[in-house]
Amino acid sequence: MVSVPRLVIAAPASGSGKTTVTAGLMAAFAERGLDVSPHKVGPDYIDPGYHALAISSAASSGGRSRAGGARPGRNLDAYLCGPERIAPLFLHGAAGCDLALVEGVMGLFDGAAGQGELASTAHVAKLLRAPVVLVVDASSQSRSVAALVHGFASWDPEVRVAGVILNKVGSDRHEAMLHEALEGCGVPVFGALRRTRAVRAPSRHLGLVPVAERHAEAVDSVAALAARVREGCDLDGLLALARSAPPLSERAWDPEEEAHRAIRTAPAAGGRAGRAARPVVAVAGGAAFTFSYAEHTELLTAAGARVVPFDPLRDERLPEGTGGLVIGGGFPEVYAPELSANEPLRAAVAGLSASGAPIAAECAGLLYLARSLDGEPMCGVLAAEARMSERLTLGYREAVAVSDTLLAAAGTRVHGHEFHRTTIVPGAGPEPAWGLVHPERRTEGFAQGDVHASYLHVHWASIPGAAARFVDRCVPPAG
């Protein structure tokens, strides 16, 4: 049994202020010297970046976090990873922390379309047996707030809605009216935050602009959020509520254990590195490639790789000794001219592919490997052209590996997520990466030799053996 003080920060609907309130709470608690573990419900990559920044910037500005502000933001997605992995992944990420804060997704009870509560904030809160604090946009209501809170608190008896933070409050009088309305509701108010434009994060076609693209501004915004939360929230009361969460009986997820089990049981993908080798796996980062799950790097390391980050916007060569390449999601369409202008790196990526080294690419990585993106030359690894589109492609997907690939054996079923406003022609190669089976049937992506490129974001924690298969294909370091 493991005791982890924890809260889930939820809301009745998107746009209520979950991310700003959660980031403010994380920063405020980190400034107090607490070791805060940040988590996000759902597949979103951008919010965890703000979470990690909130903790690291607060720690560097006077906090005394034992983790040194180094904890990454982690996702908890019951669709991508399966409900059975949520508590173990949470315990892995939150190990040794003083407080874990979990930001919800959409409205509290909104989950995977057509699948009930699956992957909703309420579902994850139940799996973690965590108290829920509801962030309510109070800007256009007074007494009605009581009916709203009462409805959410009573809808599912297994979800413990244990507190409210009122957001976008207009004045002292407005706040007094809201408190009076909620007095008989049975759900305590832990804070009231006033309307302000000073801490809004800019948005773009796929949500908030990532931290990596506006670091200095984001640091200032987080500092302002922390000040708002310190002034407007009962931090002691929230911490006491978090400490009331019951112990969890599940075992923490262990990347070493997962990787070693995969090495023992999974069939090799025709590998050549050998278990004694420690190949270098280059992982794209920087402003153009900001989307990744922390567990992927941990699994690659556990499988025997030496993971080295690089920035395709700045670095003209791959890391020394690169034997494999991982290119995750991000916004290459925003940086297409700059990525194209880095001709030495594009040539290096094409050369690495020609050498037979493995390349795993998702979404943004898929576009980078194409011949062109919006007319700008890219790496040319794939015989495909990519461009921006007016159509948003968004949603969970169920897929199957139609043949043995770099990441999965034929017949392996996976859950993934698509989120892009680009299109690529053709949409699939002669050997596709995946066959989508729900909610639509089509093939998708490219699985040509040692390249696996797809729009589908998947979580490797849910694909036993993926990291081990990848590392097994890597070219070992020279000498």
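Start by selecting Tyr45, Phe291, Tyr293 and Phe331: ring pairs link these residues into a cluster. Keep in mind during the tour that this is a predicted model.

**The sheet**

Next, show the strands numbered 1 to 7. They form an open, seven-stranded sheet with parallel pairing, and the order across it is 3-2-4-1-5-6-7. Which strands stand at the edges? Select strand 3 (74-76) and strand 7 (189-194): each has a single partner strand, so one side of each is left without a neighbour in the sheet. Direction ignored, neighbouring strands of this sheet are turned by 25 degrees against each other on average.

For a detail inside the sheet, select strand 1 (residues 6-10) and strand 5 (residues 132-137). These two run parallel and are joined by three bridges. Pick Ile9 and look for its bridge partner in strand 5, which is Val133.

Now add helix 1 (residues 18-31). Helix 1 lies across several strands, among them strand 2 (36-41) and strand 6 (161-169). Against strand 4, helix 1 runs at about 170 degrees.

**Two packed helices**

Select helix 4 (residues 86-94) and helix 5 (residues 121-128). Their axes are 9 Å apart and the helices pack at an angle of about 70 degrees. Because angles of 65 to 115 degrees count as roughly perpendicular, that is the description for helix 4 and helix 5. To see the contact, show the side chains of Ile86, Ala87 and Phe90 in helix 4, then Val124, Leu127 and Leu128 in helix 5. By class, this contact has six nonpolar, no polar and no charged residues.

**Aromatic pairs**

The count of aromatic pairs comes to eight. For one of them, select Phe109 and Trp155: the ring centres are 6.4 Å apart and the planes stand at 55 degrees, so the pair is tilted. Phe109 is in the loop between strand 4 (99-103) and helix 5, while Trp155 is in helix 6 (residues 144-155), so the pair links parts of the chain 46 residues apart. Is each residue buried, partly exposed or exposed? Phe109 is partly exposed, with a relative accessible area of 23%, and Trp155 counts as exposed at 65%.

Finish with Trp460 and Phe470. This pair is also tilted, with centres 6.4 Å apart and planes at 40 degrees. Trp460 sits in the loop between strand 22 (457-458) and helix 15 (466-473), and Phe470 is in helix 15, ten residues apart. Trp460 counts as buried at 5% relative accessibility, and Phe470 is buried with a relative accessible area of 0%.

Note on methods
Residues numbered from 1 in each chain as written. Predicted model: local features only at pLDDT ≥ 70, side-chain atom pairs only at ≥ 80, totals over all residues. Heavy atoms only, no water. Axes fitted to C-alpha atoms, helices over the stretch in contact; angles between N-to-C directions. Helix = DSSP H or I, 4+ residues; strand = E, 2+ residues; numbered from the N terminus. Parallel < 35°, antiparallel > 145°, perpendicular 65-115°, else oblique. Contact = heavy atoms within 4.5 Å. Nonpolar A, V, L, I, M, F, W, Y, C, P; charged D, E, K, R; others polar. Phe/Tyr/Trp six-rings, centres within 6.5 Å; stacked < 30°, edge-to-face > 60°. Buried < 20%, exposed > 50% of the residue type's maximum accessible area, 1.4 Å probe, protein only. Pairing = 2+ DSSP bridges.
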